Every structure is written in C-alpha cells, then in structure tokens.
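Q: Please give a close account of the sheet architecture in this model, with attention to strand order, pairing and the strands at the edges.

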Amino acid sequence: MQNRFIDLYSDTKSKPTPGMRKAMAEAEVGDEQKFEDPTVNRLRETVCTLLGKEDAVFLPSGTMCNQIAIRVHCRPGEEIICDKQAHIITSEGGGPGANSGVVFHPLDGPRGTFSGAMVDAAVKDPANRYAPRSRLVEVEQTSNRGGGAVWQLAAIEDVAAAARRHGLALHMDGARLPNACVASGVAAASFAAPCDTLWLDFTKGLGAPVGAILAGPKDFIHEAWRVKQQLGGSMRQSGIIAAGALHALAHHWDRLAEDHDNARRLAAGLAEIKGIGLDPAGIETNIIYFNVTKPGWTAPRLMQAMKAENVGIGAFSQSMIRVVTHLDITREDIDAALAAFRRALA
Ligand SMILES: *Cc1c(COP(=O)(O)O)cnc(C)c1O
C-alpha cells in the first residue's frame with residue numbers, strides 16, 4: 001500500500017499550490033458584480049485576449065457556464081444537438097430541462113465527436129410545427145466520456161459550417177480546452193474562432209480551487225450577467241479566487257503536457273495487466289477509460305480493492321473505470337499506482 005493517497009479519480013482533485021495560495025492571499029479585490037474587482041477584471045481581459053472574444057463573465061463553476069449559455073441561446077421547447085454522452089446531458093442534474101426547458105437531439109459519433117453532416121441530418125425543418133425548433137449545437141473539448149479525445153480544428157469548423165447553414169449557434173464546453181491546445185499545438189483562439197460562445201474551467205487540469213469563465217459577444221455576455229444574477233452566481237470580492245485562476249493560466253497551462261505523458265505511461269502499463277481491457281493508442285490527453293475483464297470482477301470491486309491500496313479510481317459502470325492524471329500526480333505516483341493495480345488484480 002502507498003503511504004500517500006494517490007487520487008486518480010479526477011483532475012478536480014488537485015489542491016492549490018503554495019504559489020497559487022500566495023497569489024490568492026495577496027489579490028487586490030473589490031465588488032465583482034459592480035465591475036469593481038480589479039483581479040476579476042484582469043482575468044476577464046486576459047481570457048478575452050486568449051480566446052479572441054469580446055467579453056467574458058467569471059462564474060463559480062463550469063456547470064453554471066453551460067447552464068447560463070443554454071439559457072441565453074435557447075427558448076423553452078427548443079433543441080440542442082450534441083453528443084449522446086455530453087456533460088450537459090449526463091452530469092448537470094437535468095439542468096438544461098429544469099433551467100431552460102430545452103430538449104436534446106443526441107448524436108452517436110466516435111469518442112464524443114460528430115460531423116457537420118450529422119448535424120445537417122439532425123436539424124429539424126423550421127416549418128414543421130410538430131418538431132422542436134433546433135437552436136444550438138454543442139461540442140465538448142476535450143470529450144470527457146470520449147476518453148479525453150481532442151476535437152480537431154477542422155472537425156469543429158465542419159460542425160460550425162453546418163450550424164451556420166441552419167442558422168444555429170455553436171457553443172463549446174471547453175472544460176478541458178487547455179488540454180486540447182497542449183495536445184494538438186492549436187491555439188485556444190483558433191479553437192474558439194468557429195464557436196459563438198465557449199468557456200473553460202480553472203478547476204480541471206489548470207488546478208485552481210474555484211471558477212470557470214464564459215466568453216462570447218458583448219451582447220451575449222450582457223444577457224449572461226442577467227441569468228448569473230437570477231441563479232445567484234453574482235459574487236463579491238471574488239478576486240480572491242480569480243487570482244487562483246490567473247495564477248493557473250500563467251503557470252499550469254504548458255505543464256499539462258506532463259499530465260498527458262503520465263496518462264500515456266499509465267495506459268501503457270495498465271494495458272499489460274491481465275484483467276484490464278484497454279487500447280493505449282487511444283490516449284490523447286489526461287483521461288483514461290478501461291474495462292475490468294477479470295472473471296468475476298466488476299469495476300466497483302476493483303475500485304474498492306484499489307482504495308485498500310490507497311489509490312483512488314472511478315467506477316463509471318459495472319465494467320468501466322476512469323482514471324485521470326493531474327497537477328498532483330507525479331511520474332513516481334504513476335509507477336506506484338501501476339504496482340498497486342498489479343497487486344490488486346494478481
Ligand atoms: C467538469 C466538467 C464540467 C463542469 O464543470 P464544473 O466546474 O465541475 O461545474 C462540464 N463539462 C465537462 C466536459 C466537464 O468535464
């Protein structure tokens with residue numbers, strides 16, 4: 001068993017570094033919702049430049065970014081076209097239905113991605129009053145349930161062109177956009193350009209404790225502020241947490257390459273263990289899904305066995321496990337975790 005708990009459950013498990021805590025402690029602050037917090041304002045400007053968008057609104061979570069974006073883009077009874085396992089479908093508590101009254105047209109493409117032709121086929125005839133009105137297309141960069149798969153820029157442009165053909169907006173859930181940028185070498189602004197709106201999370205690979213930011217056209221962000229107010233997302237001296245986000249952008253972006261190296265190392269090791277079904281060639285960023293194939297074993301059983309080894313992993317179904325590398329996972333942790341997997345499944 002390890003001395004230290006190695007938590008591979010999610011990249012949300014990292015703790016703020018001493019440097020980040022110092023930046024947060026020393027942050028200049030003011031009343032955010034009166035635009036008087038200089039640190040939040042600096043974060044907004046930094047992200048607008050990074051993404052090439054007009055304006056941005058700082059929010060407590062990525063989920064709230066999606067919920068607000070959907071509410072501003074869509075009216076009740078309208079439809080969102082996205083992957084069948086998108087976070088907005090599987091993991092936001094039914095928020096799009098509860099908050100915006102929308103329905104989904106789920107697409108079944110490879111690893112959480114889809115094509116412009118699939119969007120063309122999904123869009124409803126606006127003259128057909130029996131069908132919901134198609135309004136929004138959503139892409140997830142990287143695709144979480146797709147195993148951290150990166151949307152190629154050409155694929156996003158293909159989907160954006162289809163959205164435009166039908167007068168639909170394109171929204172990107174960029175929870176792990178930084179991972180996609182580092183893995184592909186494509187600039188964040190290039191991925192953002194075909195999208196009307198997008199957001200990125202500071203609490204995933206970037207390693208900040210709180211916060212996400214939603215960016216888009218000025219009039220869109222103006223409306224987003226109204227919904228932020230309605231949902232109770234307007235904050236006060238949030239420069240304290242915005243300072244963590246700024247520190248993360250400056251210091252934790254390029255280092256995501258280490259997480260990707262660690263994920264590849266972990267996947268290669270896991271693929272060699274009897275009782276695990278995994279193709280390591282599919283690992284593009286920091287997320288690994290694999291199947292428990294040992295006779296008589298289930299994913300929850302392996303999760304328990306690994307907990308006894310002091311390693312945290314996530315059972316996502318009866319057979320499927322997810323592990324994620326992040327800021328607090330070293331190369332030595334990867335080797336220790338692999339040794340623990342070998343013992344557990346011996
Ligand atoms: C984590 C995640 C979210 C939600 O972000 P929170 O900050 O946890 O609310 C949305 N989409 C994807 C793809 C995610 O992985």
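A: Two strands count as paired if DSSP finds at least two bridges between them. In this predicted model, an open sheet of 4 strands with antiparallel pairing follows the order S9-S10-S13-S12. Its edges are formed by strand S9 (276–277) and strand S12 (314–315), each of which pairs on one side only. Strand S9 is joined to strand S10 (residues 287–292) by 2 bridges in the antiparallel sense. Within that pairing, Ile276 has Val292 in S10 as its bridge partner.

A further open sheet has 7 strands, arranged as S2-S8-S7-S6-S5-S3-S4, and its pairing is mixed. Strand S2 (55–59) and strand S4 (103–107) each have a single partner strand, so one side of each remains without a neighbour in the sheet. On average, neighbouring strands of this sheet are turned by 20° against each other, direction ignored.

Inside the sheet of 7 strands, strand S3 (residues 78–83) and strand S5 (residues 133–140) run parallel and are connected by 4 bridges. Here Ile81 stands opposite Val137 in S5.

Two helices that pack on this sheet complete the description. Helix H2 (residues 38–51) touches S2, strand S7 (197–201) and strand S8 (212–216), and the direction of H2 makes about 130° with that of S2. Helix H7 (residues 153–165) also packs on the sheet, where it touches S5 and strand S6 (169–174). The direction of H7 makes about 145° with that of S6.

Methods: Residues are numbered from 1 along each chain as its sequence is written. This is a predicted model: local features need pLDDT of at least 70, side-chain atom pairs count only at pLDDT 80 or more; totals for chains, interfaces and linings use all residues. Side-chain values use heavy atoms; hydrogens and water are left out. Axes are lines fitted to C-alpha atoms, for helices over the stretch in contact, and angles run from 0 to 180 degrees between N-to-C directions. Contact means heavy atoms within 4.5 Å.
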